[in-house]
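Trainee: Could you show me how the labels people put on a structure are earned?
Mentor: Sure, let's look at one together.

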Amino acid sequence: MRAAKLVEVRPGPLQRHGAARVVRRRFFAAFASGVCGPVLMFGAIGSAHAQDGKQDLFPSMAPAGQYRMADRSEEITLARSAAPASVSGDAEVLVLGDRGYESVVKGKNGFVCLVERAWFASFEDSEFWNPKNRAPICLNAAAASTVLPVDLEKTRWALAGVSKTEMIARSKSSPSAHQAPAPGSMGYMMSKQGHLNDSVGHWHPHLMVFQPHTALSDWGANLPGSPVLGQEGGPNEATVYFVLLGKWSDGTSVSKD
């Protein structure tokens, strides 16, 4: 998903999750007030510039230990909460280690579950270094091979002490940062135990679908009453869709939460 222009970085796959986070915040606020539809979507995207221009709430990285979870079993459980047990139960699970994400559970179905940290966001996100952010996601094989690598790379940079400014510079020549999502790339984000950021908490259960550039109209996205929301990038950029769901991964209704 693409929002505004980035700090001297051409919009590309590197910014998918970051712009998505900005949009999720706007969606959450609008849902709370009963607003939905195209106006909400375009307002969310447009206000991304305002988000990008905000002063960093976390101007520098906290001690690395604050981003890790003390109990690996708890992180595994949280990662698996991104999707129904029928999916996550046979998925590979990654947890955050000293130098990056480590595979701790071997998968059987091609899915990869992990807990995103704040630096999965765009470089302009005001919570880029928020140590409290925990966003469970479970990606299918297509997304794990083409969407996830850039975030794993950013994680290695972060834990190696690379500054945000240097990350931006490195991203210009990073193959991962410019890789298009494979057709069919998608992820589950259905956990109500997560903390996407300080603005939205666990937000709303949804699927994320990452596509090489497609028109939003192909999916009926952002139309009144449609459960599909999306952001269409430029001709050479990915399109990201959010498919809103009525239940959390544990089967409980959103209306009861």
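What follows is a chat about where the labels come from.

Mentor: Before we start, this is a predicted model, where local features need pLDDT of at least 70, side-chain atom pairs count only at pLDDT 80 or more, and totals for chains, interfaces and linings use all residues. Residues are numbered from 1 along each chain as its sequence is written, and side-chain values use heavy atoms, with hydrogens and water left out.

Trainee: Let's go with rings, then. What makes Trp-119 and Trp-129 an aromatic pair, and what kind of pair are they?
Mentor: Rings of Phe, Tyr and Trp (its six-membered ring) pair if their centres lie within 6.5 Å; planes under 30 degrees apart are stacked, over 60 edge-to-face, and the rest tilted. Here the centres are 6.3 Å apart and the planes meet at 65 degrees, so this is an edge-to-face pair. Both rings belong to the loop between β3 (112-116) and β4 (135-139), with 10 residues separating them.

Trainee: And what makes Trp-219 and Tyr-241 stacked?
Mentor: Their planes are 10 degrees apart, under the 30 degree limit, and their centres are 4.2 Å apart, within 6.5 Å, so the pair counts as stacked. Trp-219 is in the loop between β6 (206-211) and β7 (228-232), while Tyr-241 lies in strand β8 (residues 239-244), 22 residues away.

Trainee: Why is Trp-219 called partly exposed?
Mentor: Buried means under 20% relative accessible area, exposed means over 50%, and partly exposed is in between (1.4 Å probe, protein chains only). Trp-219 comes out at 34%, so it falls in the middle class. Its partner Tyr-241 has 0%, so Tyr-241 is buried.

Trainee: How many aromatic pairs are there in the structure?
Mentor: Seven. Ring pairs also tie Tyr-67, Trp-119, Phe-123, Phe-128 and Trp-129 into a cluster.

Trainee: What makes you say that a charge sits over the ring of Phe-123?
Mentor: The rule asks for NZ of Lys or CZ of Arg within 6 Å of the ring centre and within 35 degrees of the ring normal. The charged end of Lys-154 is 4.8 Å from the centre of the Phe-123 ring and counts as sitting over it.

Trainee: How do you know that Cys-113 and Cys-138 form a disulfide?
Mentor: A disulfide is a pair of cysteine sulfur atoms within 2.5 Å. Theirs are 2.0 Å apart, so they qualify. The structure holds one disulfide. This link is left-handed, with -55 degrees about the S-S bond. It connects strand β3, home of Cys-113, to strand β4, home of Cys-138, across 25 residues. Cys-113 has 0% relative accessibility, so it is buried, and Cys-138 is buried too, at 0%.

Trainee: You keep saying strand. What earns that name, or the name helix?
Mentor: Both are DSSP runs numbered from the N terminus: helices are H or I with at least four residues, strands are E with at least two. Take helix α7 (residues 148-159), which has 12 residues.

Trainee: How do you know that the length of α7 agrees with what it should be?
Mentor: The expected span is 1.5 Å times one less than the number of residues. For α7 that gives 16 Å, and its end C-alpha atoms are 17 Å apart, which agrees.

Trainee: Why is α7 called largely enclosed?
Mentor: Nine of its 12 residues are buried, so the rest of the structure largely encloses α7. Among them are Val-150, Lys-154 and Trp-157.

Trainee: What makes β6 and β8 a pair of strands?
Mentor: Two strands pair if DSSP finds at least two bridges between them. β6 and β8 have six bridges and are antiparallel, so they pass. One of the bridges sets His-206 against Leu-244 in β8, and another partners Gln-211 with Thr-239. β7 and β8 pass as well, antiparallel with five bridges, and a hairpin of six residues joins them.

Trainee: Which way do the side chains of β8 point?
Mentor: Thr-239, Tyr-241 and Val-243 point one way, Val-240, Phe-242 and Leu-244 the other, and all are buried. In a regular strand the side chains alternate between the two faces of the sheet.

Trainee: Last one: why are β2 (101-105) and β7 called edge strands?
Mentor: The open sheet has eight strands in the order β2-β1-β3-β4-β5-β6-β8-β7, with mixed pairing. β2 and β7 each pair on one side only, and that makes them the edges.
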